[in-house]
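Trainee: Before we look at the model, I would like to ask how some of its labels are earned.
Mentor: Go ahead, and we will set each value against its rule.

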Amino acid sequence: MFTFPDRMKQFLLFMAVICLYAGTQAQDRPLVVVGIVVDQMSNEYLNRFNKDFGDDGFRKLMNGGTYFPNTYFNYVPTATGPGHASIYSGSNPSGHGIVGNRWFDRKESALTYCVSDRNTKGVNGESTVGQRSPTNLKGAAIGDMLKLSSSGKSKVYSLSIKDRSAILPGGYRADLALWWDDVSGKWTTSDYYVGKLPDWLDEFEKTNAADNYLFTWNYDEGSNIDVDLKNHDAFEESFKGSEKTGFPHDLRALYEVEGFGVLKYSPFVNTYTFDLAKTMIRKSGLGTDYNPDIISISFSGTDYIGHRFGPYSEEIRDTYIRFDRDLGDFIRFLETEFGGDFVLFLTSDHGVMPNSEFLKSTKIQSQRFDYKELKLQIKDQLKARYGSENIFMSLVENQVYLNEEELKRLGLDVNSVEDFLADFLQGIVGLNVVLTAHDLMHKNYTRFPEVLIQNGFEKERSGNLVFVLEPFTDDAEYTKGAGHGSPYEYDRHVPLIFYGRGITKGKCYYGNVDITQIAPSIADILKISRPPFCTSPSLTDIITTP
Ligand SMILES: [Zn+2]
């Protein structure tokens, strides 16, 4: 009778254990988690444009997954940097510390950008677009926890046109985060991640140069012209070197004036991002072993287009019709690639306020707020009261910073100067609520919008005074296009959909949920620990039960 030698027996037993282990792992967790952030996507778009969508994109996710139509950001400012950090860290700015796209750095005595890092440089030697890393993120992101749990074997990738939307989702241990340089028209990264761009990116750029996406943008074939949206043209900003704001937009001609930047203001930049995402997934071997991987993809074109044309423009409608089709194509790609063994979530980093002049044209009250004038008034007040306008340091993203050196020199108590300015600011037309840093550190706010200010407040980085404007109030520097950043419904109400393996199909949960509940849900799905500042309950019970 044939018998295996002992060593062979040991080997077979070992292989059996490995297979069993791999088998249970594969059953427990999806191969890949795909995070999709659609920059500046209001939840309302899923309703308003639903009739224009096909069956394979947003509708497929809603019908085949679990949809949360009442998902909210629970802090101000509602902006891209804080938004992406909150989604992927499961905490708000009071924890993760990304208190704005920019803030005033007291140690450096200068404005700082949320992902700037002078200790890094671009892999192509770029200083302006290359000095980037997640170093300002406090704690960690979900990808970091996945790396820790897998001894670094799980892969973490991210990409976006905007650097901050690629870097913050990737966390500290991303294998690679790619963003786009609109001057060279090429994708890039910093030496924080790699010393050199991967060869596959070179190949991709050969077949998919930015130049290939400079089409003429007109109504999508088959979609009806919406006359009401056409009337919105007067409230839209035109491309540089062009007077008109309506279709068609000839990107190749506009490129001559604005350079590759024109691509960001067209739906083709989203197609470009999808194309790179597919290549990144294939070439970096995502989902090819039993260590689950994460890829985060953030689509910035929707934000650029929203800023320039506004939420009630024909451009934004057309952008979502095209995005829906690209999304359908991408879901098919994922299904082919991973055989359905993936979990996808789709959400946004903030909403948007309609154009102020457009609102007024519809009889809704709206106003513009003059920040330049406010700065002058603050200086005047400080000079009149304390004899020095140098006490004022900076006003950025509704945060007022005081000059601590000057306060010391004058022997002034910072709390009383904060109180004095708060009293003054409270009387300014267009300003709703102002809170001081010392109150934010010592009181516990529960009502709206104070609680949102507190959730967005971080003691080292936030201002001495933080304020929010009245609803439907926007920056007086602009009259065209649209903006965001406020605590109001339109800026913080976004969609959230989970889809894929193990996710309940065709469920719509109408309860209010918080944007910080995504990361703990992904932690449950991947069976890993949550990032350090994450205290929100997960949605796992809702998304995995009928
Ligand atoms: Zn924006």
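Mentor: Start with a term: a cavity is a set of grid points where a 1.4 Å probe fits but cannot get out, and lining residues have an atom within 4 Å of a point. Keep in mind that this model is predicted.

Trainee: Which residues line the largest cavity?
Mentor: The lining consists of Val33, Ile87, Tyr88, Ile142, Ile294, Phe345, Ile518, Ala519 and Ile522. The volume of this cavity is about 40 Å³, and two cavities of 30 Å³ or more are counted.

Trainee: Which helices each supply at least two residues of that lining?
Mentor: They are helix H4 (80–89) and helix H21 (518–526). H21 gives the most, with three residues.

Trainee: How do the lining residues divide into nonpolar, polar and charged?
Mentor: Val, Ile, Tyr, Phe and Ala all count as nonpolar. The division is therefore nine nonpolar, no polar and no charged.

Trainee: Why is the site of the zinc ion called irregular?
Mentor: Its protein donors are Asp303 (OD), Asp303 (OD), His307 (NE2) and His484 (NE2), at 2.1 to 2.6 Å from the ion. A tetrahedral site needs all angles between 85 and 135 degrees. The angles among the four donor atoms run from 54 to 159°, so the tetrahedral label fails and the site is irregular.

Trainee: What makes the two histidines a link between parts of the chain?
Mentor: Histidine 307 is in helix H12 (residues 301–309), while histidine 484 is in the loop between strand S17 (473–475) and helix H20 (489–492), so the pair ties together parts 177 residues apart in sequence.

Trainee: Are histidine 307 and histidine 484 buried, exposed or partly exposed, and how do you know?
Mentor: Buried means under 20% and exposed over 50%. Histidine 307 has 27% relative accessibility and histidine 484 has 23%, so both count as partly exposed.

Trainee: How many aromatic pairs are counted?
Mentor: The count is 41.

Trainee: What makes the pair of tryptophan 180 and tyrosine 272 edge-to-face?
Mentor: Planes over 60 degrees apart earn that label. Here the planes stand at 85°, with the ring centres 6.2 Å apart, so the pair is edge-to-face.

Trainee: Why do tryptophan 180 and tyrosine 272 count as buried?
Mentor: The cut-off is under 20%. Tryptophan 180 has a relative accessible area of 5% and tyrosine 272 is at 0%, so both are buried.

Conventions
Residues numbered from 1 in each chain as written. Predicted model: local features only at pLDDT ≥ 70, side-chain atom pairs only at ≥ 80, totals over all residues. Heavy atoms only, no water. Donors = N, O, S within 2.8 Å, 3.2 Å for Na, K, Ca; no water. Tetrahedral: all angles 85-135°; square planar, octahedral: opposite > 155°, others 65-115°. Helix = DSSP H or I, 4+ residues; strand = E, 2+ residues; numbered from the N terminus. Buried < 20%, exposed > 50% of the residue type's maximum accessible area, 1.4 Å probe, protein only. 1 Å grid on protein atoms, 1.4 Å probe; cavity = no way out; pocket = protein on both sides within 12 Å on 5 of 7 lines; lining within 4 Å. Points joined across faces, edges and corners; volume = space filled by probe spheres on them. Phe/Tyr/Trp six-rings, centres within 6.5 Å; stacked < 30°, edge-to-face > 60°.
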